[in-house]
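Q: Could you take me through one part of this structure up close, and then show me how the parts around it and elsewhere in the chain are put together? I'm new to this, so please go step by step.

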Amino acid sequence: MAFSVLALGLAFHAPGPLCATEKQDKPQIIVPEPDIGIISLKRRQEAQLLAASDYKVFHEFRFTDRRPESGITFRNLITDDNLKQLKPTHYDHGNGVAVADVDGDGLQDIYFVTQVGSNELWRNLGEGRFENITEEAGVGLADRISVAGSFADFDNDGDADLFATTVRMGNVLFENDGKGRFKDISEQAGVAYSGHSSGAFFFDYNNDGLLDLFVTNIGTYTSNRRGSKGYYIGFYDAFSGHLFPQRNETSLLYENLGDKRFREVSKEVGLVDDSWSGDAAFVDLDSDRYPEVYVLNMQGDDHYYESHATEEGRRFADNTERFFPRTSWGAMGVKFFDYNNDGGDRISL
């Protein structure tokens, strides 16, 4: 099974009921054109509040910061390229958070990722309290310049294993012993790629019952010079990297072979994407029970890869122009969801 990614440290509570006036008593609110700037914000707020008063479902949820009570003291630290030198590089897109029940106690635990220092795993004690179990869990990756983490049961033994991406310091696959202690099996599993990796997700692309792995790579945005804490110093022209084909870095699809081993099959199955990609998502858009892949591009158009059957097995075809003739330029995050509850998925960038 795959495990979801969530935001933590927030308590949910509902407000009182809305007092909507009758439709005929409401003034007409004209929504301004999209691009006229900050002057339109007040009128946009009025229009949105007016529309919301007609909603028949609960919607005005709010959150309260409960981090101090949680006991979580994790701090996200960044490279000097983001801090002292303020250089425009792809280090600026930050880090991810992953959530799963790592010890099987029915409570969701949190894995925090940082560029500088140690990642941290916080065990959920219940009632909004957490404890730091990073050292005993063995997942700190101190000073590895981490980017993101993904939990999934890749070996089908019933517990949440962990995959973490880094910048040029080797991606890491941790096997969970079922009690929240992890073993680095990256090399033997064949997934210890070292490059400018970013997002990653597990999914079963060929429906063989084993979770495969897709890793997005951004592109070469760092030099070979090292900065404080060992990070690789970014190019001053990092944001122009997409103009130099030699700096492209192809994202990777790993097929799960079983027995805790993977094989990189990107070219073999036709999913060759050299976008400057920080993230991607999968979804079964054609309802054939095989997932498609949508890959973001921070320095160009996104790409949509449709799954199809061949004599050799499942393959992917780049059908972006057919289904997405226009995509955003510079996309950073993506989510598929059924916004109107009609059984079909929509995409949000």
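A: Let's start with a pair of strands: E11 (residues 197–203) runs antiparallel to E12, and five bridges hold the pairing. Keep in mind that this is a predicted model. Within that pairing, Ala 200 sits opposite Val 215 of E12.

Now stay with E12, which covers residues 212–217. On another front, E12 is joined to E15 by three bridges, again antiparallel. Val 215 turns up here too, with Leu 252 as its bridge partner in E15. What holds such neighbours together in general? Strands of a sheet pair through backbone hydrogen bonds, either parallel or antiparallel.

Is E12 buried or exposed? Six of its six residues are buried, so the strand is largely enclosed by the rest of the structure. Look at which way the side chains go: Asp 212, Phe 214 and Thr 216 point one way, while Leu 213, Val 215 and Asn 217 point the other way, and all of them are buried. That back-and-forth is what you'd expect, because in a regular strand the side chains alternate between the two faces of the sheet. For a bit of context, 46% of the 349 residues of the chain count as buried. The chain has six helices and 22 strands. Among contacts between residues at least 6 apart in sequence, 54% join residues at least 24 apart.

Let's follow the chain from here towards E15. Between strand E14 and strand E15 there's a loop with a salt bridge in it: the side chains of Asp 237 and Arg 247 meet at 3.1 Å, N to O. Asp 237 and Arg 247 both lie in that loop between E14 (232–234) and E15 (252–258), ten residues apart. Asp 237 is partly exposed, at 29% relative accessibility, whereas Arg 247 is buried, with a relative accessible area of 14%. Elsewhere, salt bridges that share partners tie Asp 103, Asp 105, Arg 123 and Glu 131 into one network.

How many salt bridges does the structure hold? There are eleven. As a general idea, side chains of opposite charge can pair when their charged atoms come close. One of these bridges is between Glu 46 and Lys 42, with the closest N and O atoms 3.8 Å apart. Glu 46 and Lys 42 both belong to helix H1 (residues 41–52) and sit four residues apart, about one turn of the helix. Lys 42 is exposed at 56% relative accessibility, and Glu 46 is partly exposed at 32%. Another bridge pairs Glu 60 with Arg 62, the closest N and O atoms being 3.6 Å apart. Glu 60 has a relative accessible area of 25% and Arg 62 one of 45%.

Another antiparallel pair is E5 (residues 120–126) with E6 (residues 129–132), joined by four bridges. Trp 122 has Asn 132 of E6 as its bridge partner. The hairpin of E5 and E6 has two residues between the strands, and Glu 127 takes a positive phi there, near 55°.

Finally, here's a sheet to compare with our starting strands. Strands E17, E18, E19 and E20 form an open sheet in that order, with antiparallel pairing. E17 (280–283) and E20 (313–318) are the edge strands, each with a single partner strand, so one side of each has no neighbour in the sheet. On average, neighbouring strands of this sheet are turned by 25° against each other, direction ignored. Inside it, E18 (residues 292–295) pairs with E19 over three bridges, and Val 293 stands opposite Tyr 305 of E19.

The next residue along, Glu 306, also lies in E19, which spans residues 303–310. Why is there no salt bridge for this buried Glu 306? The nearest side chain of opposite charge, Arg 322, is 4.3 Å away, and a salt bridge has to be within 4 Å, so the pair doesn't count. Instead, the side chain of Glu 306 makes a polar contact with the side chain of Asn 319, at 2.6 Å. Leaving out residues up to four places away in sequence, Glu 306 touches several others, including Asp 286, Glu 292, Phe 316 and Phe 323.

Technical notes. Residues numbered from 1 in each chain as written. Predicted model: local features only at pLDDT ≥ 70, side-chain atom pairs only at ≥ 80, totals over all residues. Heavy atoms only, no water. Buried < 20%, exposed > 50% of the residue type's maximum accessible area, 1.4 Å probe, protein only. Lys, Arg positive; Asp, Glu negative; His and termini not counted. Polar contact = N/O pair within 3.5 Å; in protein donor to acceptor, adjacent residues only side chain to side chain. Contact = heavy atoms within 4.5 Å. Pairing = 2+ DSSP bridges. Axes fitted to C-alpha atoms, helices over the stretch in contact; angles between N-to-C directions.
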